[in-house]
Each structure stands twice: as C-alpha cells, then as structure tokens.
Amino acid sequence: MGRGMRAYPYPRLSGAVTARVTAVRLRGPGEHREQLDVRACSAVEQVVALGRAERDDWRTARIGLAASVPAREIRRKGHWSDVSVVAVLTEGATNARSVARLSPAPGSEGDWAGEIELDRDDHLDRASLTVHVVARVEGVAGRIIASTEQEWMIDMTADAPLRARQLDVQTVSFTRGAEWLRAFRDAPWVVDASGRMPNVRLNSDFEGLAALMEGQGSKVERVVGEMLLAQICADVWTAVFHTAIGDLEVEDDGTPLFPPDWRGAVLREMLPDIFPGRSAEDALREVHLRRIGEGSWADLQPRIHLAAARRSDVPKALATTVRDIELLEQEMHA
Amino acid sequence: MTSRPEHLPEHLALLTDAQAAEFISDGLLEGREDVPSIALNKIAEPLPGDETRWQLHRVRDLIDDALGAIRDARPTAADAWLAPRLHETLRLTRREASEKRLWTYLALGVAPDYVVWRHRSEPKGQGRYGRVSRGRFVGPHYTQAFARLWWSAELFRDGSDYRPVVVACGNQDMLNSALRLDVVDHRPTALALVRLLEKGTVRTGREVNALTSAVNAAAATLMYDVMAPDVERDRDVVRDWIRASESAVPSPRNDLPEGPEEERAPADAVDVLSSLFEELFTNAPVRGRASAGGD
C-alpha cells in the first residue's frame with residue numbers, strides 16, 4: 001500500500017509542506033569555516049553535493065533550512081494545537097538520525113526556518129532530510145500532521161547536486177592491481193556489484209581501452225566509445241539485478257523483501273520490464289521462486305537482458321552508432 | 001568443527017562480498033571445513049595506517065575469552081557478553097562501522113570458528129549437519145554475526161553505560177527484531193524498549209515481537225523525537241574516545257567496560273516513551289494471548 005493510500009485516524013493537513021536548503025556551512029578542525037558555494041545545492045533536484053567543498057577535512061555541516069506550511073489551513077480548521085515543525089536527517093547505512101526544531105520566521109505566516117547539523121563521522125553516502133509538521137490532535141500529542149512530499153538528499157561525496165547517480169568507473173591494472181583482479185587479466189572490464197555502489201573497473205593493461213572510453217580520440221573512437229559505455233552499463237544493470245536477487249532477505253512465510261538500499265531501487269525499476277503488468281511485490285516473489293528452482297530461471301534471462309539493455313540505452317546507442325558509421329563512410333567517400 | 005584460523009596477520013583487513021564468496025563453502029556453513037587463511041589474507045585488503053585499534057589480536061583475544069567464558073552455556077548467551085566488549089575494543093565511528101567489508105573480514109578472517117559455534121543450527125536428522133546461514137558471514141548489519149553485536153551496543157548504550165545493551169542482547173527476539181527497525185535509531189525509544197524488558201512487561205518472543213511491531217507501526221503517525229527529545233550528541237567525545245584506543249587496556253572480562261562519555265538520554269524522555277509503549281503493548285495483538293482490546 002502506498003503512503004498516499006493510508007487512512008489516518010485523525011485529521012491531517014491537506015495543503016503541501018515544502019522545504020528548501022538555504023545555506024550550508026562547513027566546519028573543519030581548528031578555526032576552519034567554509035560556506036558551500038550555491039552551485040552545490042539544487043532546489044530542482046533537491047540535492048546538496050558536499051563533495052563541492054574546497055577543503056576535504058570538514059567535520060560538520062550546518063544546513064540552513066526554510067520550510068513553508070499551510071498556516072491558514074491550520075488556523076481555519078482548528079483541529080491542531082502545539083504545532084511544531086521539525087527537520088529529520090537520517091541515513092540507513094549508519095543508523096543515523098538527528099532532529100532539529102525549526103522556528104516561525106518573523107514577518108510572514110507559515111514560514112519556518114532553522115538549522116540542522118550533520119557530523120561527517122555519522123554518515124557514509126547519502127543522508128535524507130525531511131520536514132514534518134507535528135501537533136496535538138484530539139488530545140494526542142506528537143501526531144505527524146504533514147510531511148514534505150519529497151526528501152532532500154545530502155550527498156557526502158558528489159561534486160554535482162544530482163539525484164540520479166553516476167556510475168563509479170575506475171581504470172586499474174588487472175595484473176598489478178588487487179589480487180582478485182588477476183584472475184580477470186584478459187577481460188577488458190569487470191563489474192563489481194557487491195559493494196556500497198556498483199563499480200566498474202576498466203583494465204588499463206588492455207591497450208587503447210581507456211582512451212576509447214574517455215572519448216578524446218578520433219570520431220570513430222568516440223562512436224565506439226559511446227557504444228561500449230552503453231554495453232558496460234547494461235552489464236552493470238544485469239550484475240546488480242543478479243546480486244540483489246541472489247541476496248534477498250526472506251520472511252518466515254517465504255515472502256522475499258526488497259533490499260533497503262539501492263539494490264531495492266534497481267529491482268523496483270527493472271521488475272516491470274521482466275513481468276509487465278504485475279505488482280512489484282508479486283514480480284519479486286515470482287523471480288525469487290524461479291531463482292530457487294521453482295519454475296524456469298533460464299526462461300527469465302532474455303527478459304533480464306531486455307530490462308538491462310533498456311535501462312542503459314543500448315538500442316539507442318546502437319542506432320546512433322550505425323548512423324554515425326554511415327555518415328563517416330559517406331565522408332570518407334566524398 | 002571449523003577451527004581458529006591458522007594464519008592471523010597483525011592487522012585487520014577488508015573483504016568484499018565478491019571476494020568472500022569463494023570462501024563461503026557448504027563445508028564452512030556446515031562447520032566441517034576451515035577457512036584457508038593464507039589464501040584469504042592474500043586477497044584481503046589490510047586497513048591503512050598503524051592504529052592500535054586495527055590490531056587483529058585485540059579482537060581475537062576477546063573472542064577466545066568469549067569462547068572460554070561461555071563454552072558451557074548456550075551459544076546465544078555469548079551475545080550479551082560480547083556486544084559491549086566488542087564495541088569497546090573496536091572503537092569505530094558509525095561511518096567506519098557501516099563498512100560491510102570489515103565485518104566480513106572479521107567473520108571469515110578472524111573468527112569463523114566463533115561464527116560457526118554461535119550460529120550453526122541444530123542438525124535436522126541423523127548424519128546431517130546443522131548449518132550457519134550465509135548472512136551471518138556477509139549479511140546486513142542486523143544479521144551479520146559481529147555487525148549485529150557492535151550495532152546493538154552502539155544503539156542501546158546510554159552514553160558510557162553498556163547495561164541496557166546487556167539487557168537488549170539478553171533477549172534474542174529484541175536483538176533480532178529491534179535492530180531491523182529504524183525506530184531504535186532514536187535513543188530514548190531504544191532505551192524505553194529495554195525498560196519494558198527489565199520491568200518484565202514483555203518476556204516471551206511473541207510479546208517482544210508484538211511490542212516492537214506496535215512501536216514501529218505507531219511511529220508512522222507519532223513523532224517520538226518530539227514527544228521525547230534526546231539531547232544533542234557531542235561527537236567530539238566519541239572522537240576522543242576513539243583516539244584514546246591508542247593507549248587503552250584490553251576490555252575488562254568480568255566487569256562491564258565503559259563506552260564514550262556522551263551525555264545520557266534524558267530520563268523523562270525515556271519515562272514518557274516507556275509509558276506510551278506499555279499502553280501500545282496492552283492494546284497490541286499478541287499471538288497466543290486473548291485479545292485485550294477486543295477486535
């Protein structure tokens with residue numbers, strides 16, 4: 001059941017609550033202070049990219065917030081008293097949770113403002129920030145009467161404030177790099193989906209590959225590089241899908257659970273292509289059953305590949321490549 | 001039975017799931033085989049730097065003592081003994097503790113014998129072996145053999161006081177169900193759950209599960225953080241405590257160790273929530289209990 005479907009046993013606000021990050025101040029060891037530049041925050045994406053900090057030794061980030069709540073509705077309907085507005089910052093990976101109360105901003109009704117502090121040692125990857133309106137309702141204190149529709153993401157390392165994540169690609173020598181890579185020394189790339197984020201390692205021993213991927217070379221190289229990138233992305237989606245499915249938590253009654261991290265997000269995105277028309281939960285159960293040997297796992301593979309190829313724009317990249325090659329040939333014969 | 005690794009290097013290391021996969025054999029999961037420790041340490045990535053807290057023998061000594069202290073009792077009894085001492089020995093920031101590769105290395109490279117002893121199920125028939133579930137080696141923080149202990153100590157301690165951790169870890173249902181829930185990330189909530197265990201309001205697995213589900217469900221409409229605010233945490237205290245591990249003596253084996261001197265959770269906050277949770281529990285459906293509120 002989606003959040004919106006929940007029936008609450010008490011009156012809630014129907015107007016929207018919105019929040020925006022107004023400033024980010026970083027503090028480092030000693031007297032180091034830094035105001036994060038405005039391009040680190042995107043109000044459209046609702047992301048703060050702390051990777052834009054000039055110095056990498058900051059310890060805490062103070063995030064300035066402005067929220068707006070439907071004040072007229074609160075006044076007019078009169079259901080709610082002791083209204084407070086709080087910001088909640090959480091990250092699942094570190095079980096971190098901190099809360100700050102906002103204060104009514106002087107002058108304009110419905111505007112609240114405040115700050116919440118984040119300690120770098122308490123966070124790993126992405127913290128999410130939501131604002132809630134809490135009030136006493138029908139004698140019960142502490143009721144959540146409204147929340148922001150979409151959370152802000154505080155990304156600890158990203159340079160750009162974007163919600164969609166970029167693939168982590170590293171170029172390393174497979175023969176001289178980490179021991180486990182040696183077994184793959186003839187491969188141009190490997191995908192490692194076991195970590196915090198999927199990671200692609202390009203083999204620097206594979207001559208010309210890095211140059212091809214960087215897209216700095218000739219027209220032909222650029223065309224091939226684009227195609228290769230799409231193909232690698234498809235490999236990543238496939239690997240991530242299999243990793244996620246292979247490591248599902250299963251309830252006592254056999255119901256598989258969506259992983260709480262990005263693996264869950266990947267499954268939710270790919271399942272509609274694998275079992276069109278079925279609910280995500282249903283599709284997950286079906287895939288899980290087939291994987292553990294009840295039903296055909298092999299029959300499913302083409303659909304997994306299709307879902308992966310769609311997500312990585314392989315058809316589009318291929319079409320572009322074909323067209324570009326035609327153009328190049330025409331140029332050569334012109 | 002799986003034995004203590006033959007080769008134990010000086011420092012702790014990191015191991016990815018992909019690297020771990022080749023060492024998690026059926027033989028290991030059934031406790032029939034050892035982990036080839038030389039091969040494992042060849043691919044594991046040693047932790048950088050020369051900090052005392054990364055010395056492997058400090059953790060291994062603790063595990064040896066846990067095995068010695070608990071050997072005759074039920075393996076589950078080891079959780080309450082080991083959780084605070086592991087937390088105090090392995091002083092980590094939360095960011096460091098969220099590193100799955102460290103826990104995987106502890107389970108495979110430092111103490112696979114402990115994981116098998118503690119988590120192997122009873123054999124399901126003659127000539128069959130019991131089995132450790134894979135998640136005890138490489139699972140999420142609420143399943144993995146050592147991560148679950150460290151995190152329960154981190155989430156249930158009250159400042160430097162580990163006594164609530166001992167209570168929480170003394171009840172497998174509390175440890176298993178509460179650690180999965182986000183609500184325990186709010187300290188007064190975690191401590192109020194412990195209070196109800198101490199008072200005997202909840203005892204059996206069914207009661208504990210009914211309580212934690214009711215508390216979790218109510219959190220969708222109630223903001224515990226506002227009803228029972230915690231103090232702002234001073235992370236510098238934790239940083240100092242971590243730094244002090246350079247000169248720390250081994251964790252006491254008989255007495256409880258002391259954690260970082262952070263301020264305790266406000267007593268009235270814990271009071272407010274434990275009364276609320278008691279009320280939620282009274283009205284919650286418990287399997288096998290006649291319904292209290294009437295459906």
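The legends below accompany close-up views of a predicted model.

**View 1. Overall make-up of chain A in the predicted model.** Chain A, whose secondary structure consists of seven helices and 14 strands, has C-alpha atoms that fill a box of roughly 75 × 55 × 50 Å along the principal axes. Of its 334 residues, 32% count as buried. When contacts in chain A are restricted to residues at least 6 apart in sequence, 65% of them join residues at least 24 apart.

**View 2. The contact between chain A and chain B.** To this contact chain A gives 28 residues and chain B gives 23 residues. On the side of chain A that touches chain B, at least two residues each are supplied by strand E6 (80-91), strand E7 (96-104), strand E9 (126-137) and strand E10 (140-147). By class, the residues on this side of chain A comprise 12 nonpolar, nine polar and seven charged.

**View 3. Nonpolar cores and the surroundings of Val48(A).** The largest nonpolar core contains 127 residues, and Val48(A) and Leu193(B) are those with the most contacts inside it. Once neighbours within four places in sequence are set aside, the residues in contact with Val48(A) are Val21(A), Val24(A), Ala40(A), Cys41(A), Trp152(A), Ile154(A), Asp155(A) and Pro161(A). A second core, separate from this one, has 29 residues, among them Val236(A), Trp237(A), Leu271(A) and Ala309(A). As a general background to such views, nonpolar side chains in soluble globular proteins tend to be buried together.

**View 4. Packing of helices H3 and H6 in chain A.** Helix H3 (residues 219-246) and helix H6 (residues 301-311) of chain A pack with their axes 8 Å apart and at an angle of about 130°, and the two helices are therefore oblique to each other. The crossing of H3(A) with H6(A) is right-handed. From H3(A), the residues Ala234(A), Trp237(A), Thr238(A) and Phe241(A) meet Ile304(A), His305(A), Ala308(A), Ala309(A) and Arg311(A) from H6(A). Sorted by class, this contact has six nonpolar, two polar and one charged residues. Two of the participants, Trp237(A) and Ala309(A), are also included in the second nonpolar core.

**View 5. Packing of helices H4 and H5 in chain B.** The axes of helix H4 (residues 56-70) and helix H5 (residues 78-89) of chain B lie 10 Å apart at an angle of about 165°, so that H4(B) and H5(B) are roughly antiparallel to each other. Their crossing is right-handed. The residues that H4(B) brings to the contact are Arg58(B), Val59(B), Leu62(B), Ala66(B), Ala69(B) and Ile70(B), and they meet Ala78(B), Trp81(B), Leu82(B), Arg85(B), Leu86(B) and Thr89(B) of H5(B). The contact is made up of nine nonpolar, one polar and two charged residues.

**View 6. Packing of helices H14 and H17 in chain B.** Helix H14 (residues 205-218) of chain B and H17(B) have axes that come within 9 Å and cross at roughly 110°, and the two are therefore roughly perpendicular to each other. H14(B) passes H17(B) in a crossing that is right-handed. Ala210(B), Leu211(B), Ala214(B), Val215(B) and Ala218(B) of H14(B) make the contact with Phe277(B), Leu280(B) and Phe281(B) of H17(B). The residues of this contact are eight nonpolar, with no polar and no charged residues.

**View 7. Buried helix H7 and exposed Val249 in chain B.** In helix H7 (residues 100-110) of chain B, 11 of the 11 residues are buried, so the helix is largely enclosed by the rest of the structure. The buried residues of H7(B) include Lys100(B) and Arg101(B) as well as Leu102(B), Trp103(B) and Tyr105(B). Val249(B), by contrast, counts as exposed because it has 6 C-beta neighbours inside 10 Å, and it lies in the loop between helix H16 (235-243) and helix H17 (267-282) of chain B. Its C-alpha atom is separated by 30 Å from that of Val231(B), which is 18 residues apart from Val249(B) along the chain.

**View 8. Positive phi at Gln46 and Asp82 of chain A.** Most residues other than glycine have a negative phi. Gln46(A), which is not a glycine, nevertheless has a positive phi near 60°; this residue is placed in the loop between strand E3 (41-42) and strand E4 (47-49) of chain A, and with 19 C-beta neighbours inside 10 Å it counts as partly exposed. Asp82(A), likewise not a glycine, has a positive phi of about 50°. Asp82(A) is located in strand E6 of chain A and, with 12 C-beta neighbours inside 10 Å, counts as exposed.

Key: Residues numbered from 1 in each chain as written. Chains lettered and ligands numbered in written order. Predicted model: local features only at pLDDT ≥ 70, side-chain atom pairs only at ≥ 80, totals over all residues. Axes fitted to C-alpha atoms, helices over the stretch in contact; angles between N-to-C directions. Helix = DSSP H or I, 4+ residues; strand = E, 2+ residues; numbered from the N terminus. Parallel < 35°, antiparallel > 145°, perpendicular 65-115°, else oblique. Left-handed = near helix turned anticlockwise from the far one by under 90°. Contact = placed C-beta atoms within 7 Å. Nonpolar A, V, L, I, M, F, W, Y, C, P; charged D, E, K, R; others polar. Core = buried A, V, L, I, M, F, W, Y, C linked by C-beta atoms within 7 Å. Buried ≥ 20, exposed ≤ 12 C-beta atoms within 10 Å, placed from the backbone.
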